[in-house]
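Here is a walk through one protein model, meant to be read with the viewer open. Have a look at the sequence and the fold before going on.

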Amino acid sequence: MSGTQPCLLVQDGVFAAVGPSGDITDERGIHPLGFFARDARHLSRWQLTVDGGVPTVLVPAASTGSRSTSVLTPRGSRAEAPALTVFREQSVADGALAERIRLSSNRGDASTTLVAITVNADFADQFELRSDHRWYDKPHAVRTRTALPDGVEFAYHRREWHSRTVVTADPAPDAVEDLGSGARRLCWLLDLEAHGSAELFLRVQAHPHGGAEPAAGSARVFPAPAHEERVEIPEDWPDLGRACAQGLADLSALRVSATGPDGETLRVPGAGVPWFLALLGRHALITSLFTLPARPELAAATLLALAAAQARGEEADRVAQPGKIVHEMRHGELAYFGQVPYGRYYGSVDATPLFLMLLGAHARVTGDDKLAQRLERHARAAVEWMFRFGGLADHGFLLYRGDAGGLTNQSWKDSAGAICFADGTPVKGVVTAAAAQGYAYDALRQAASLARSAWGDPAYADRMEEEADRLRTRFLSHFWLADREFPALAVDGRGRRADALGSDAGHLLWTGILDQERGEAVAERLLSPAFFTGWGIRTLASGQDAYHPLSYHRGSVWPHDSAIAALGLARYGLREQAATVARGLLEMAARHEYRMPEVIGGYARADHPEPVPYPHACSPQSWSAASPFALLTAVTGEQEPATA
């Protein structure tokens with residue numbers, strides 16, 4: 001944990017963000033603290049005092065996934081050493097935050113200590129906590145606090161919406177004080193023998209609206225660290241093994257619940273904490289593509305969950321059309337009451353072709369076409385969406401228009417201004433993003449393969465292959481910048497090529513839409529100093545007016561984006577170049593305890609010897625956690641060759 005970022009504990013769709021002491025305050029902004037479940041903050045204050053004072057931090061809270069520990073003492077001096085030491089252990093599991101507090105006396109005589117925890121639950125929606133200066137009305141909201149024999153219950157009602165947070169303790173508090181602000185203070189008067197100790201066990205159980213009730217069981221169990229899962233790694237890539245192990249641990253922690261087509265419960269990759277512990281179509285699909293050779297069950301769950309959420313009708317406010325794959329699914333209060341559109345939001349041009357890419361890859365890698373047969377109807381609906389609504393039939397390409405109530409950009413670079421010209425002018429109106437055309441090309445090829453091998457429809461397969469070939473021809477004609485030997489980032493509604501040079505070209509290598517000659521030209525530029533920083537590939541090449549090393553998508557380095565480029569380089573037979581990218585990413589991961597960050601600044605390694613953090617990055621984050629597996633495939637696996 002850095003000096004500005006909280007310690008994060010993540011497991012089973014809930015997470016806690018605590019400060020260095022293990023405390024939680026109700027501040028908002030870039031890194032809000034709290035205990036979160038289903039997009040709501042179920043604990044907004046959790047502050048420990050000892051004998052009326054705030055303890056000093058000796059060892060700040062440090063996370064090992066779902067657990068953290070910290071060491072505190074009351075304030076003392078050289079002349080008067082602290083009378084006791086406080087050891088805090090916190091853990092998230094089963095929808096709850098559990099804490100064990102152990103007070104160890106440093107004195108040679110018996111003593112009595114007053115311990116208190118100030119607690120509150122504001123039930124704030126995560127969208128309220130973002131520092132974007134938005135305010136959301138909440139009519140008819142009612143908050144209650146109820147004393148319990150062993151703690152306190154906080155409740156929040158807004159019409160039919162009902163959430164609760166239950167705080168219990170063992171031993172029960174000697175007193176529960178009303179602080180007049182909605183907060184409650186739980187107090188214990190503890191007797192300590194000479195050099196003795198005393199323990200408190202506390203549990204904060206979230207009961208979010210629409211969530212499953214927690215299983216009955218002990219509140220005091222602190223699970224041992226999970227057995228480290230292993231993946232076979234070449235001996236000459238030891239850092240890759242360490243990064244894959246950390247990636248597996250993070251992916252396990254980030255799983256969230258989803259529902260399949262037959263109502264079955266599934267575990268799928270949530271995108272990342274703190275802002276996106278939810279099912280995001282694009283993130284889950286790319287994560288599953290990366291991990292497919294090692295963990296095909298993750299891909300199967302993702303495909304089933306997204307098939308279940310596939311749009312069936314047109315809803316303009318959700319950007320939904322029949323056959324489209326969902327972009328984002330939220331469970332918070334604001335989404336429930338329609339104050340944000342993300343309850344089930346379809347503002348993504350690329351999730352639908354990525355769905356087809358994963359379905360085809362799953363059948364090929366596993367050698368089992370049962371899932372492809374089960375999801376045939378959904379796959380055909382996705383193809384139909386690409387032609388009828390996505391733009392392939394009328395315009396020859398996948399395209400999108402910015403959504404005033406949601407996302408302006410709907411490709412993977414979805415921040416405002418990310419799709420731009422070299423001078424920084426944003427592409428407006430109808431946007432035809434380059435990367436999405438590569439996905440569409442591969443999606444059509446995968447649909448053809450499935451039709452031939454799993455669906456018994458050779459005529460459909462022939463049509464899909466012909467459409468893929470025609471799309472490739474159109475793409476090379478419309479997007480290739482001959483004077484730059486590089487593809488345009490996008491084409492606008494007037495047919496103008498957005499001439500910014502971006503990392504999206506690596507996605508075109510991955511999907512094989514470029515011919516060999518153009519692929520090699522792209523590879524040479526992606527490994528040039530304008531793109532490659534020594535850590536990874538910039539999202540936008542330096543030397544352009546649009547470039548900014550700390551912009552979200554206009555000069556930063558995203559490990560998953562660079563990993564896609566590595567896969568693409570390997571696909572074109574450029575193994576040495578793929579290994580160069582892989583080594584840079586792994587050396588960056590090594591500086592983050594082998595956890596691949598979501599995004600870092602685009603500063604060259606020659607200019608600064610360490611990766612420069614991006615201040616708003618999620619960590620852990622799913623497609624970054626999965627990126628080492630993409631690198632494993634790039635440096636050792638069998639890649640489908642690009643066609644000439």
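What follows is a tour of the cavities, a few strands and helices, and some unusual backbone spots.

Keep in mind that this is a predicted model.

**The cavities**

Let's start with the enclosed spaces. The structure has two cavities of 30 Å³ or more. The table puts the pair side by side.

| Cavity | Volume | Lining make-up |
|---|---|---|
| Largest | about 60 Å³ | five nonpolar, two polar and two charged |
| Second largest | about 30 Å³ | eight nonpolar, one polar and one charged |

Which residues line the largest cavity? They are Gly13, Val14, Phe15, Phe36, Ala37, Arg38, Asp39, Gln126 and Leu277. Two elements each give two or more residues to this lining, namely β2 (14–18) and β3 (34–37).

The second largest cavity is lined by Ala434, Phe486, Pro487, Ala488, Leu489, Ala500, Gly502, Asp504, Ala505 and Leu508. Here the elements that supply two or more residues are β25 (486–487) and α12 (504–511). Helix α12 gives the most, with three residues.

**β2 and its partners**

Back to β2, since it helps to line the largest cavity. On one side of the pairing story is strand β1 (residues 7–11), which runs antiparallel to β2 and is joined to it by five bridges. If you want a pair to click on, Cys7 has Val18 of β2 as its bridge partner. The hairpin of β1 and β2 has two residues between the strands, and Asp12 there takes a positive phi near 55 degrees. β2 also pairs with β3, again in the antiparallel sense, over four bridges. In that pairing, Val14 is matched with Ala37 of β3, and both residues also turn up in the lining of the largest cavity.

Is β2 buried or exposed? Five of its five residues are buried, so β2 is largely enclosed by the rest of the structure. In a regular strand, side chains alternate between the two faces of the sheet. You can follow that here: Val14, Ala16 and Val18 point one way from β2, while Phe15 and Ala17 point the other way, and all are buried.

**Helix α4**

Next up is helix α4 (residues 296–308). At 1.5 Å a residue, its 13 residues should span 18 Å, and the end C-alpha atoms are 19 Å apart, which agrees. Ten of the 13 residues are buried, so α4 is largely enclosed by the rest of the structure. The buried stretch is Leu298, Ala299, Ala300, Ala301, Thr302, Leu303, Leu304, Ala305, Leu306 and Ala307.

After α4 comes a loop that leads to β20, and Val319 is found in it. Val319 has a positive phi of about 55 degrees although it is not a glycine. With a relative accessible area of 15%, Val319 is under the 20% cut-off and so counts as buried.

**A small sheet**

β20 belongs to an open sheet of three strands in the order β19-β20-β21, with antiparallel pairing. The edge strands are β19 (279–280) and β21 (344–345), each pairing on one side only. Strand β20 (residues 328–329) meets β21 over two bridges, and Met329 has Arg344 of β21 as its bridge partner.

**Odd backbone spots**

Most residues other than glycine have a negative phi, and most peptide bonds are trans. A few places here are worth a second look on that count. Phe123 has a positive phi near 55 degrees. It is found in the loop between β10 (111–120) and α1 (126–129), and at 4% relative accessibility Phe123 counts as buried.

Where are the cis bonds? One is from Asp170 to Pro171, with omega near 0 degrees, and Pro171 is in the loop between β13 (161–170) and β14 (175–178). Another joins Val273 and Pro274, with omega about 15 degrees. Pro274 is in the loop between β18 (265–269) and β19.

**A pocket and an annotated region**

The second largest pocket holds about 1,100 Å³ of space. Its lining has 37 residues, of which Arg130, Phe276, Leu407, Asp414 and Tyr552 lie nearest its centre. By type, the lining divides into 18 nonpolar, twelve polar and seven charged residues.

Finally, an unreviewed UniProt entry lists residues 433–591 as "domain: Mannosylglycerate hydrolase MGH1-like glycoside hydrolase". Over that range the chain is 57% helix and 6% strand, and the end C-alpha atoms are 34 Å apart.

Note on methods. Residues are numbered from 1 along each chain as its sequence is written. This is a predicted model: local features need pLDDT of at least 70, side-chain atom pairs count only at pLDDT 80 or more; totals for chains, interfaces and linings use all residues. Side-chain values use heavy atoms; hydrogens and water are left out. On a 1 Å grid over the protein atoms alone, a cavity is a set of points where a 1.4 Å probe fits but cannot get out, and a pocket is an open set with protein on both sides within 12 Å along at least five of seven lines; lining residues have an atom within 4 Å of a point. Grid points are joined across faces, edges and corners, and a volume is the space filled by probe spheres set on the points. Ala, Val, Leu, Ile, Met, Phe, Trp, Tyr, Cys and Pro count as nonpolar, Asp, Glu, Lys and Arg as charged, and the others, Gly among them, as polar. Buried means under 20% relative accessible area, exposed over 50%, partly exposed in between (1.4 Å probe, protein chains only). Two strands pair if DSSP finds at least two bridges between them. UniProt positions are given in the numbering used here, feature names are shortened, and annotations may be inferred rather than shown by experiment. The expected span of a helix is 1.5 Å times one less than its number of residues.
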